[in-house]
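Here are some friendly notes to read with the structure open beside you. They go point by point, so feel free to dip in wherever you like.

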Amino acid sequence: MAGNKTFTMIKPDAVEMNNIGPILAMINNAGYKVEALKYMKLTKEQAGLFYAVHKERPFFGELTEYMSGGPIVAAILVKENAVADYRKLIGATDPSKAEDGTIRKIFAKSIAANAVHGSDSDENAEIESNFFFSQLERF
Ligand code: GDP
């Protein structure tokens, strides 16, 4: 059975463009409730740990530089079929390939600065949520 939680970040480009509010509104309008939320800035080391699966990719340095270059919003979101529905809501990694109406199509600048993160599996949603939030920060 599909899980009911996913993890998201509003990435530095979207924060910089003042799009926290509009993105959270799209998330709420899609039926997600917020279980946990924080506004913070990652160090390059923390960004590297979060994206450790990509450490052999050629863009790893650029990715960790970018993700630690400004504040982000991190959140745990709850809804039935959370992971798959959220991937649909955010659209393709490359915003030029994302469908109309998706968060990345509307807000992302490029494949690197693509506005939001969304977990790609229930297992990763749990790992990523635990990376950012303690039990005391979940409601
Ligand atoms: P996602 O699951 O859709 O976020 O995509 P991936 O897991 O494949 O990649 C993780 C993140 O790495 C993406 O969201 C982008 O921010 C970044 N990324 C992916 N491909 C590229 C690329 O070709 N160049 C750069 N600079 N960043 C990339």
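1. A polar contact is a pair of N or O atoms within 3.5 Å. With that cut-off in hand, look first at Thr93, whose side chain has an N or O atom 2.5 Å from an oxygen atom of the ligand. Please keep in mind throughout that this is a predicted model.

2. The rest of the ligand site comes next. An oxygen atom of the ligand is 2.9 Å from a side-chain N or O atom of Lys11, and for the side chain of Arg104 the corresponding distance is 3.0 Å. Taken alone, the ligand exposes 550 Å², and the protein buries 82% of that. Besides Lys11, Thr93 and Arg104, the residues around the ligand include Tyr51, Phe59, Glu62, Arg87 and Asn114.

3. His54 also belongs to the ligand's surroundings. You will find His54 in the loop between α3 (44–50) and α4 (60–67). Is His54 buried or partly exposed? Its relative accessibility is 21%, and buried means under 20%, so His54 counts as partly exposed. Setting aside neighbours within four places in sequence, His54 is in contact with Phe59, Phe60 and Leu63. Of these contacts, Phe59 and Leu63 are also listed around the ligand.

4. Now for the helices, starting with α2 (residues 20–29). Which residues of α2 are buried? They are Ile23, Met26 and Ile27. Because they cover an arc of only 100 degrees around the axis, they sit on the same side of α2. The spacing fits a familiar rule: an α-helix has 3.6 residues a turn, so residues three or four places apart point the same way. The buried residues of α2 pack against β1 (5–10), α1 (12–16), β3 (72–78), α5 (82–90), α6 (103–107) and β4 (116–118). Just after α2, Gly31 takes a positive phi of about 100 degrees.

5. Helix α5 can be read in a similar way. Its buried residues are Ala82, Val83, Tyr86, Leu89 and Ile90. Viewed down the axis of α5, they fall within an arc of 125 degrees, so they line one face of the helix. Their packing partners are β1, α2, β3, α6, β4 and α7. After α5 comes Gly91, which has a positive phi, near 85 degrees.

6. In α7, the buried residues are Ala125, Glu128, Ser129 and Phe132. These fall within an arc of 100 degrees seen down the axis of α7, so they too line one face of the helix. What lies on the other side of α7? There, Glu123 and Glu126 are exposed. The buried residues of α7 pack against β1, β2, α3, β3, α5 and β4.

7. On to the charged pairs: the count comes to seven salt bridges. One of them joins the side chains of Glu137 and Lys38, at 3.1 Å from N to O. This pair links distant parts of the chain, with Glu137 in the segment after α7 (122–132) and Lys38 in strand β2 (residues 33–40), 99 residues apart. Both ends are partly exposed: Glu137 has a relative accessible area of 31%, and Lys38 has one of 22%.

8. Two further salt bridges deserve a look. Lys79 pairs with Asp85, their closest N and O atoms being 2.5 Å apart, and Lys79, Asp85 and Lys88 are linked in a network of salt bridges. Asp94 and Lys97 meet through their side chains at 3.7 Å, N to O. Lys97 counts as exposed, with 64% relative accessibility.

9. Last, a polar residue to check in strand β2, namely Glu35. Is Glu35 buried or exposed? With a relative accessible area of 11%, Glu35 is buried. Its side chain makes a polar contact of 2.8 Å with the side chain of Lys5. Not counting residues up to four places away in sequence, Glu35 touches Lys5, Ile76, Val78, Glu137, Arg138 and Phe139. Among these is Glu137, which also forms the salt bridge with Lys38 described above.

Technical notes: Residues numbered from 1 in each chain as written. Predicted model: local features only at pLDDT ≥ 70, side-chain atom pairs only at ≥ 80, totals over all residues. Heavy atoms only, no water. Buried < 20%, exposed > 50% of the residue type's maximum accessible area, 1.4 Å probe, protein only. Helix = DSSP H or I, 4+ residues; strand = E, 2+ residues; numbered from the N terminus. Arc of directions from axis to C-beta. Contact = heavy atoms within 4.5 Å. Salt bridge = Lys/Arg side-chain N within 4 Å of Asp/Glu carboxyl O. Near = heavy atom within 4 Å. Polar contact = N/O pair within 3.5 Å; in protein donor to acceptor, adjacent residues only side chain to side chain. Areas by Shrake-Rupley, 256 points an atom, 1.4 Å probe, with all protein chains shown as cover.
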